[in-house]
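Work through the exercises below with the sequence and the coordinates open. Try each task before reading its solution.

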Amino acid sequence: MLEQLLNNIKQGQEIRENLIELKKCLKGNRENQDEFLLLLQYDYGLFRQLLCDEDPKVRKNTAIIIGELELDGLLPELLEAYKEEETLFVKTDYVKAFQKMDCETYIPQFRERLHQLLSSKFTLEQEKHITEEIRELTDLIGQYETTGTHYFIGYDEAGKVVLTTNRLHPEVTAKQLYGCSGKKISGGVAVEYEDMRDFMSIRTWQEILFPLPLAKNMPLQPKEIAHTIMMGGLIEFLDGRHLGGGHYRFRVELRGKLSQDEKRAMTKKIASALEMESGHRLINSTSNYEVEIRLLEGKNGGYHTYLKLYTIPDHRFDYRKRVIASSINPVTSATIMELAKPYLKENAQVLDPFCGTGTMLIERNFGLPAHPLYGVDIFGAAIEDARENAKGAKTVINFVNRDFANFTHEYLFDEIVTNMPFVSGKQTAKDIEELYELLLNKGATHIKKDGIAVIYSQDPEIALLAFKRHPEWKRLDTFQIYQRESSYVYIIQYTGTK
């Protein structure tokens, strides 16, 4: 089929239609691409000729195919065709083609084109296509350089934020606030502050969201939303907290009762309206964005605006370079340790029998210093990852690659902390039951009398049945962590008597 399409195009038969069909065959199909390149025999003269065709849709599809095939040898001709192209809807596809090729040498020319577009005025009819070209140029340039990236400097700009947290335990974060005031709200903590650094190091918040007070209770009308957000001082807010000036790359996040398809369509319309309303100070970007404009549906159906700034560095979990599918989220782990803190003691000797990549032990040490720390896991790759993570966290942990059933140690531990394996495609309910039995039986031989175990479980029914079979372990406290996943933290104590 590829050979027939190529022959048809060479013979001038229904060129546009055959190019469209060829584009479909090549898109994302490496095997077809390789076969087609063999058919071409490195003769790209046909493409050079098609870039000069009088039909703009022929030029458009030719550019797309050149990009799909990553024909870097045609870059000079493609760039020249892009510069000479007068049909606006075609120019965007040239830029999309450039994104798949090695264009580093030509970035200054693309930057000049972007500046030209940003500093010019266009008719309403032209605006849609110009906006699309600006967006793609921004993504293209962003692949090679960070020029235009903004640097956050607004730490000491007094204001209000919402710290999103574990929905069931916002109090864990609220009680750690010093130098600023906070109150629990749905899904987090509303904070009034003089200096953001007063809460930046707290390990139990998930996101920092800045409310835009003048842009709330908005009807779901793209142009009205864009106008209200801009009049609400968005650009002034961003400029006042950043070095860099110029335009900001953004995305829109819409959260409410709409279906996924409805959200996608509406998000696209709102983003386009924001680009136009801001005079392209805002540029919608699918990657490398600096600002998320989050629109949350309120109880009365109106939408409220919050800003998430990706320009704010967050180094709390930089240590976590390596993870596996079963690794616990570090914010969840930090929250667990704060909940368990009344039962923990400083400088405790701590053991994790199923340590994975080490997050629970690392966060245990951050929550309250402990020494020594031991992590055991049967999977060697996880242990290697854990060693790297502990090194990044500057935390001394003794990791042992061994089945916990065969683990031995010369002295007893004060605490056991662990994220228990859970029922999944690889682990049956019976497998997990056996691991709980191992934890409670073997754990009893490694912990001091009255020692504490902090167990994060995603299989509460299995956990509770296991505790009933082992009266030597006394349940002191229980915290639900997530409702949807039905996950809990159990604080149990080894009494030493059955």
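**Exercise 1. Charge balance and overall build**

Task: How many positive and how many negative side chains does the chain have, and how far apart do the centres of the two sets lie?

Solution. Start with the counts: the chain has 63 positive and 73 negative side chains. The centres of these two sets lie 6 Å apart. Keep in mind that the model is predicted.

Next, set the frame. The chain has 498 residues, and 52% of them are buried. Its secondary structure comprises 18 helices and 17 strands. The C-alpha trace spans about 90 × 55 × 40 Å along its principal axes. The accessible surface is about 24500 Å², and carbon and sulfur atoms account for 49% of that area.

Finish with the contacts. Take the pairs at least 6 apart in sequence: 69% of these contacts join residues at least 24 apart.

**Exercise 2. Salt bridges across the sequence**

Task: Which residue forms a salt bridge with Arg203, and what separates the closest N and O atoms?

Solution. The partner is Glu363, with the closest N and O atoms 2.9 Å apart. Now place both residues. Arg203 sits in the loop between strand S4 (188-193) and S5, while Glu363 belongs to helix H15 (residues 359-367). The two are 160 residues apart, so the pair links distant parts of the chain. Then check burial: Arg203 and Glu363 are both buried.

Compare a second pair. Asp239 and Arg281 also meet in a salt bridge, at 2.9 Å from N to O. Asp239 lies in helix H12 (residues 234-240), and Arg281 lies in the loop between helix H13 (260-277) and strand S8 (282-284), so this bridge ties together parts 42 residues apart in sequence. Asp239 has 33% relative accessibility and counts as partly exposed. Arg281, at 26%, is partly exposed too.

In total, the structure holds 30 salt bridges.

**Exercise 3. A charged network**

Task: Are Glu292 and Arg294 buried or exposed, and which network of salt bridges includes them?

Solution. First, the pair itself: Glu292 and Arg294 form a salt bridge, with 2.7 Å between the closest N and O atoms. Buried means under 20% relative accessible area. Glu292 is at 3%, so Glu292 is buried. Arg294 is at 3%, so Arg294 is buried as well. Now widen the view. Salt bridges link Glu207, Arg251, Glu253, Arg255, Glu292, Arg294 and Lys308 in a network.

**Exercise 4. Backbone exceptions**

Task: Which residues does the cis peptide bond join, and what is the phi of Asn217 and of Ser486?

Solution. Recall the background: most residues other than glycine have a negative phi, and most peptide bonds are trans. The cis bond joins His371 and Pro372, with omega about -5 degrees. Pro372 is in strand S12 (residues 370-377).

Now the phi values. Asn217 is not a glycine, yet its phi is positive, about 55 degrees. It lies in the loop between strand S5 (207-211) and helix H11 (222-231). Its relative accessible area is 49%, so Asn217 is partly exposed. Ser486, also not a glycine, has a positive phi of about 50 degrees. Its loop runs between strand S16 (473-482) and strand S17 (487-494). With 28% relative accessibility, Ser486 is partly exposed.

**Exercise 5. Surface patches**

Task: Which residues gather in a patch of negative charge, and which form a nonpolar patch?

Solution. The negative patch on the surface consists of Glu70, Asp72, Asp102 and Glu104. Locate one member: Asp72 is in the loop between helix H5 (56-68) and helix H6 (75-84). Its relative accessible area is 37%, so Asp72 is partly exposed.

The nonpolar patch is formed by Tyr151, Ile153 and Leu243, which together have about 310 Å² of accessible area. Ile153 lies in the loop between strand S1 (151-152) and strand S2 (159-164). At 40% relative accessibility, Ile153 is partly exposed.

**Exercise 6. A proline in a loop**

Task: Where is Pro421, and which residues is Pro421 in contact with, leaving aside neighbours within four places in sequence?

Solution. Pro421 lies in the loop between strand S14 (413-419) and helix H17 (429-444). At a relative accessible area of 21%, Pro421 is partly exposed. Its contacts beyond those neighbours are Phe354, Gln427, Ile432, Leu435 and Asp459. For a distance check, take Gly356: the C-alpha atoms of Pro421 and Gly356 are 9.4 Å apart, with their positions 65 residues apart along the chain.

Methods:
Residues are numbered from 1 along each chain as its sequence is written. This is a predicted model: local features need pLDDT of at least 70, side-chain atom pairs count only at pLDDT 80 or more; totals for chains, interfaces and linings use all residues. Side-chain values use heavy atoms; hydrogens and water are left out. Patches are made of residues with over 30% relative accessible area and no salt bridge: like charges are joined within 9 Å, nonpolar side chains (Val, Leu, Ile, Met, Phe, Trp, Tyr) within 5 Å. Accessible areas come from the Shrake-Rupley method with a 1.4 Å probe; for residues, only the protein chains shown count as cover. A salt bridge is a side-chain nitrogen of Lys or Arg within 4 Å of a carboxyl oxygen of Asp or Glu. Lys and Arg count as positive and Asp and Glu as negative; His and the chain ends are not counted. The place of a charge is taken as NZ of Lys, CZ of Arg, CG of Asp or CD of Glu. Helices (H or I, at least four residues) and strands (E, at least two) are DSSP runs, numbered from the N terminus. Buried means under 20% relative accessible area, exposed over 50%, partly exposed in between (1.4 Å probe, protein chains only). Contact means heavy atoms within 4.5 Å.
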